[in-house]
Amino acid sequence: MKHVKTLNTQTMNNSLKKGGCGECQTSCQSACKTSCTVGNQTCEQKK
Amino acid sequence: MIHQYQNNGYNIVLDVVSGAVHVVDELCYDVIAALSGGVKEPAAAELRDPEVLEELVQKLGGSYGEDDIKDALADVTELTEAGQLFVEDTYESMISEVKKCKTVVKALCLHIAHDCNLACRYCFAEEGEYHGRRAMMSFEVGKKALDFLIANSGSRRNLEVDFFGGEPLMNWQVVKDLVAYGRQQEKLHDKHFRFTVTTNGVLLNDEIQEFINQEMDNVVLSLDGRREVNDHMRPFRNGKGSYDLIVPKFQKLADSRNQEKYYIRGTFTRENLDFSEDILHFADLGFTQMSIEPVVGDASDPYAIREEDLPKIMEEYDKLARVMIQREKEGKGFQFFHFMIDLDGGPCVAKRLSGCGSGTEYLAVTPWGDLYPCHQFVGQEEFLMGNVEDGIIKPEIADDFRSCNVYSKEKCRDCFAKFYCSGGCMANAYHFHGTIHDTYDIGCKMQRKRVECAIMIKAALAE
């Protein structure tokens, strides 16, 4: 595509199929008791 | 829902529902803006309607040639048809599934000590004084907490236990004994404990460092930044600063962990709004894993962050992002917690809908075994959920926390950051609005800025 560069190939809707195992870290991590940072986590399943 | 913004010379378009991130040229940026300006975002089928191109040419023909506009529209159409742009939000129906789930507890924050050897001015526990009711957690109570966690964890294998306080190093033997107990129980119940500890570093020594390196998956080292900033907010009880004692210990610990699996973590207040300088100071001290987070306090506290401080704070996040990109390219990069983002392997939709987990899968335990939704709620009787002996005796509190999500809160529904923030901190919401079913607006603005910066950094480093 000439006008667009897409940064990621995996999208959230993909995670609908295999997600929900609950093994990931609680997102209020030790680094930030007062800040919710789901956004900086990685899926445990992929590790 | 899409969100488009310009930052540091990049034109970024985020498709909120799919999580797809596109870096586009000016033309495409303007085309997307024109298409999404209506009441409803366009569906894929609509984009091939010749009228759409006509309208775009009418709007943008003054700035761009018709062929170019047609080209850009073709790209946009391709993205939309591929489910990477203008994706409709269909996750709300999953909320009912999430609500149905029985509470599975997978993380505990153990208040190993309700006491502290510093007197930080912003401390949630009244400068470490705990309203006069100081206490240490006994091994027996800690054991019961771990037993409670295992018994209520369902089929979750990864369990988290954070040694918190007060200052956990003041009750170190109990920490060691609980880790040993946990390791023994892991084998019996096929569980895996991730232990972490937060410390102010005052009592850190070689023996403790060795134990931390052996057993703790992560360690949070509290320091606010430059000496004068740190010592003003984090003095000893006699008023003397703590920086000079603590920094060498922290440097040694961070190096001993090969500069990973730790965070040097500070709090910024109104008194150091130029917090990017504190982050750079951390970098100068040799740290590579850092976090600086806004203070949470009453609006009446002189150091609390106010609405009028936001423009400066936004500038600081932007400046920090630019510096980080520069340093990364120079081979002197570092991690800033709030700019970390995984665009490909981030948490699944189920996780993003369930938020931080406080009050449901994550609980705080006081030294005498009382259970609260998280450490910020400790001591507020209306949030007392039970204890490690009897378990959860007020499941309605857990239900209330479980019902709080980005679809139940109006402000979150329309926010582009909803799947990165997941509704934010409920303690902040309660603190400022008297209910967990709201959001702390100043926090929201900072969170949105952080997500924008984090994504921009990815765009810059992908070049």
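Student: What is the bridge partner of Leu110(B) in β13(B)?

Tutor: Leu110(B) has Val365(B) as its bridge partner in β13(B); bear in mind that this is a predicted model.

Student: What makes strand β4 (residues 107–111) of chain B and β13(B) a pair?

Tutor: A pair needs at least two bridges found by DSSP, and β4(B) is joined to β13(B) by four bridges, with the two strands running parallel. The four bridges therefore satisfy the requirement of at least two.

Student: How do you know that β13(B) and strand β14 (residues 370–372) of chain B also pair?

Tutor: Here two bridges join the strands, which run antiparallel, and since at least two are required, β13(B) and β14(B) therefore count as a pair. Val365(B) takes part here as well, with Leu371(B) as its bridge partner in β14(B). Four residues lie between the strands of this hairpin, in which Gly369(B) adopts a positive phi near 95°.

Student: Which residues point one way from strand β13 (residues 362–365) of chain B, which the other way, and are they buried or exposed?

Tutor: Tyr362(B) and Ala364(B) point one way, Leu363(B) and Val365(B) point the other way, and all of them are buried. To be called buried, a residue must have 20 or more other C-beta atoms within 10 Å of its own. In a regular strand, side chains alternate between the two faces of the sheet.

Student: Why are β1 of chain A and β1 (2–7) of chain B said to stand at the edges?

Tutor: The open sheet has four strands in the order β1(A)-β3(B)-β2(B)-β1(B), with antiparallel pairing. β1(A) and β1(B) each have a single partner strand, so one side of each is left without a neighbour in the sheet. From one strand to the next, the twist averages 25°.

Student: How do you know that strand β1 (residues 4–6) of chain A and strand β3 (residues 21–24) of chain B pair?

Tutor: The two strands share three bridges in the antiparallel sense, and as at least two bridges are required, they therefore count as a pair. One of the partnerships joins Val4(A) to Val24(B). At the other edge, β1(B) and strand β2 (residues 10–15) of chain B pair antiparallel over six bridges, and Asn7(B) stands opposite Tyr10(B) in β2(B).

Student: Which helix lies across β1, β2 and β3 of chain B?

Tutor: Helix α18 (residues 441–461) of chain B lies across these strands, running at about 115° to β2(B).

Key: Residues are numbered from 1 along each chain as its sequence is written. Chains are lettered from A and ligands numbered from 1 in the order in which they are written. This is a predicted model: local features need pLDDT of at least 70, side-chain atom pairs count only at pLDDT 80 or more; totals for chains, interfaces and linings use all residues. A residue is buried if 20 or more other C-beta atoms lie within 10 Å of its own, exposed if 12 or fewer, and partly exposed in between; C-beta atoms are placed from the backbone. Axes are lines fitted to C-alpha atoms, for helices over the stretch in contact, and angles run from 0 to 180 degrees between N-to-C directions. Two residues are in contact if their C-beta atoms, placed from the backbone, lie within 7 Å.
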